[in-house]
Amino acid sequence: MSPVPAARTETADRPGVRPLTRPSRLRPGDRVAVVAPSGAVPEERLAVGLAALRDWGLDPVVMPHVLGARSGLRYLAATDEARARDLQDAWCDPSVAAVLCARGGYGAQRMVDLLDWDALRAAGPKPFVGYSDITALHEAFALRMGLATLHGPMIGAAVFTQDERTRQELRTTLFQPESVRVLTALPGARTLAPGRARGVLVGGCLSLLAAGVGTPDGRTSLRGALLALEDVGEQSHRIDRMLTQLLRAGLLDGVAGVLLGSWAECGPYEQVRAALRDRLGPLGVPVVEEFGFGHCPVSLTLPLGVPAELDADARTLTLEAPALR
C-alpha cells in the first residue's frame with residue numbers, strides 16, 4: 001500500500017460543503033463486491049444477504065476477509081492491511097460496478113490511511129454502501145475523491161436480512177434512483193425545530209464524525225450542509241460530549257438543517273432528546289428527529305453528497321438530483 005496523499009479539506013477559497021460526483025446506477029447482471037472494512041460478518045447472515053443480491057439480478061463476489069481471519073484483534077475482520085487490500089482490490093477491479101459493505105463494527109478508521117487513493121481515483125466512481133463505522137469511509141470518499149456515497153444498509157446486517165422495506169429502499173436507490181426523489185420520514189418522526197432548509201447531505205454516525213476531528217479526513221466546516229446524525233450504544237452524556245466537540249471545533253457553524261436518525265441502546269430517549277435539543281436547538285435551523293435511518297428496525301437509504309431540501313414540518317427530504325446517475 002502506498003502512503004496516503006493529503007486529504008481534501010475545506011479552505012477559505014473552498015468553504016463548506018459542495019455537491020459531489022454521483023456514480024452511475026446499477027443494472028441487472030452487474031458484478032458487485034462485498035467487503036468488510038471493519039468487523040467480520042457471520043456466514044449465515046452473509047448467505048442471506050448474498051441471496052437477496054442475486055434475487056436482484058446482481059452477481060456478488062465476496063472479498064477474501066469478509067468472514068474473518070486471524071488478526072490478533074477479534075473485533076476486526078482481518079489485519080488493517082488485509083482489509084484495506086480487499087477494499088482497494090474490489091474498487092480497482094474494472095469488472096466491479098459497486099462496492100457494498102457486509103457490516104460495520106469497528107476498524108474502518110484504522111485502515112483508511114493504508115488505501116492508495118490515487119489508484120482509487122483512477123478507477124473512477126462507483127456506488128459505495130454502508131453505515132455505522134463505515135462513516136469513516138464515507139467521509140474519506142467525500143474529501144479525498146469528491147464522491148457521493150450511500151448511507152444505507154449493509155448486506156450482512158440484521159436490518160437488511162430481516163426487513164423487506166429496507167431492502168427495497170436500497171434496491172430502488174441503486175437501480176431506479178430517479179424514483180426516489182422524495183424521502184419521507186418513517187412513522188414516529190417528529191419536528192424538533194420547524195422550517196425548511198437546502199444543502200448538501202452529509203453525516204452518519206456521530207461518534208465517527210467526532211472521532212474524525214483533527215484527522216486527515218476531518219472536516220473543518222459543515223457550512224451549508226444538511227447534517228444527518230445517528231448512533232448506537234451511546235448514553236445521553238456521551239452524545240452531549242460529542243456534539244459539544246463538533247460545536248467547539250466550529251464544524252456546526254452555518255449548518256443549514258439537521259436530520260436525526262436512530263439512537264438505539266442509548267438509554268431513555270427522553271434524555272437523548274434533551275441532549276439533542278440543548279446542543280442543536282441554539283443553531284436555529286430546522287431539525288427532524290427519528291427520521292428513520294441508522295441502527296433501527298427499518299432504515300432508509302440516504303444519498304450523501306447530494307443537494308436536497310429538508311422540510312422539517314412535512315418531515316420530508318427532497319433530492320435536487322437522483323442519488324445516482
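This report walks through two sheets, a helix pair and a few notable loop residues of a predicted model.

Residues are numbered from 1 along each chain as its sequence is written, and side-chain values use heavy atoms, with hydrogens and water left out. Because the model is predicted, local features need pLDDT of at least 70 and side-chain atom pairs count only at pLDDT 80 or more, while totals for chains, interfaces and linings use all residues.

**The eight-stranded sheet**

Let us begin with some vocabulary. Helices (H or I, at least four residues) and strands (E, at least two) are DSSP runs, numbered from the N terminus. Two strands pair if DSSP finds at least two bridges between them. Strands of a sheet pair through backbone hydrogen bonds, either parallel or antiparallel.

In this model, 8 strands form an open sheet with mixed pairing, in the order β6-β14-β13-β8-β9-β10-β11-β7. At the edges are β6 and β7 (190–193), each pairing on one side only. Direction ignored, neighbouring strands of this sheet are turned by 30° against each other on average; here axes are lines fitted to C-alpha atoms, for helices over the stretch in contact, and angles run from 0 to 180 degrees between N-to-C directions.

Is strand β13 enclosed or open to the outside? Residues count as buried under 20% relative accessible area, exposed over 50%, and partly exposed in between (1.4 Å probe, protein chains only). In β13 (residues 307–311), 4 of the 5 residues are buried, so the strand is largely enclosed by the rest of the structure. On one pairing, β13 meets β8 (residues 196–205) in the antiparallel sense over 5 bridges, with Val200 opposite Pro307 of β13. Strand β13 also runs antiparallel to β14 (residues 316–319), joined by 4 bridges, and Glu309 stands opposite Thr318 in β14. The hairpin of β13 and β14 has 4 residues between the strands, and Arg315 takes a positive phi near 55° there.

At the β7 edge, 3 bridges join β7 to the antiparallel strand β11 (residues 287–289). Ala193 has Val287 of β11 as its bridge partner. Helix α10 packs on this sheet and touches β7, β10 (257–264) and β11, with its direction at about 160° to that of β10; contact means heavy atoms within 4.5 Å.

**A pair of helices**

Two packed helices are described by the angle between their axes and the distance between the axes. The axes of α9 (residues 236–248) and α10 (residues 269–280) come within 9 Å and cross at roughly 15°. That makes α9 roughly parallel to α10, since angles under 35 degrees count as roughly parallel, over 145 as roughly antiparallel, 65 to 115 as roughly perpendicular and the rest as oblique. Residues making the contact include Ile239 and Leu243 of α9 and Val272 and Leu276 of α10.

**The six-stranded sheet**

A second open sheet has 6 strands in the order β2-β1-β3-β4-β5-β12, again with mixed pairing. Its edge strands are β2 (59–62) and β12 (302–304), each pairing on one side only. The twist averages 25° from one strand to the next. Helix α1 (residues 43–55) packs on this sheet, touching β1 (31–35), β2 and β3 (96–101), and its direction makes about 150° with that of β2. Inside the sheet, β4 (residues 128–130) and β5 (residues 149–151) pair in the parallel sense over 2 bridges, and Gly130 stands opposite His151 in β5.

Helix α5 (residues 135–145) is mostly covered, with 11 of its 11 residues buried. Among them are Leu137, Phe141 and Met145. Just after α5, Gly146 takes a positive phi of about 65°.

**Three loop residues**

Most residues other than glycine have a negative phi, and most peptide bonds are trans. Glu265 has a positive phi of about 60° although it is not a glycine, and Glu290 has one of about 55°. The table lists where these two and Pro177 lie.

| Residue | Loop | Relative accessibility |
|---|---|---|
| Pro177 | between α7 (164–175) and β6 (182–184) | 1%, buried |
| Glu265 | between β10 and α10 | 67%, exposed |
| Glu290 | between β11 and β12 | 29%, partly exposed |

What does Pro177 touch? Not counting residues up to four places away in sequence, Pro177 touches Arg25, Thr172, Pro322, Ala323 and Leu324.
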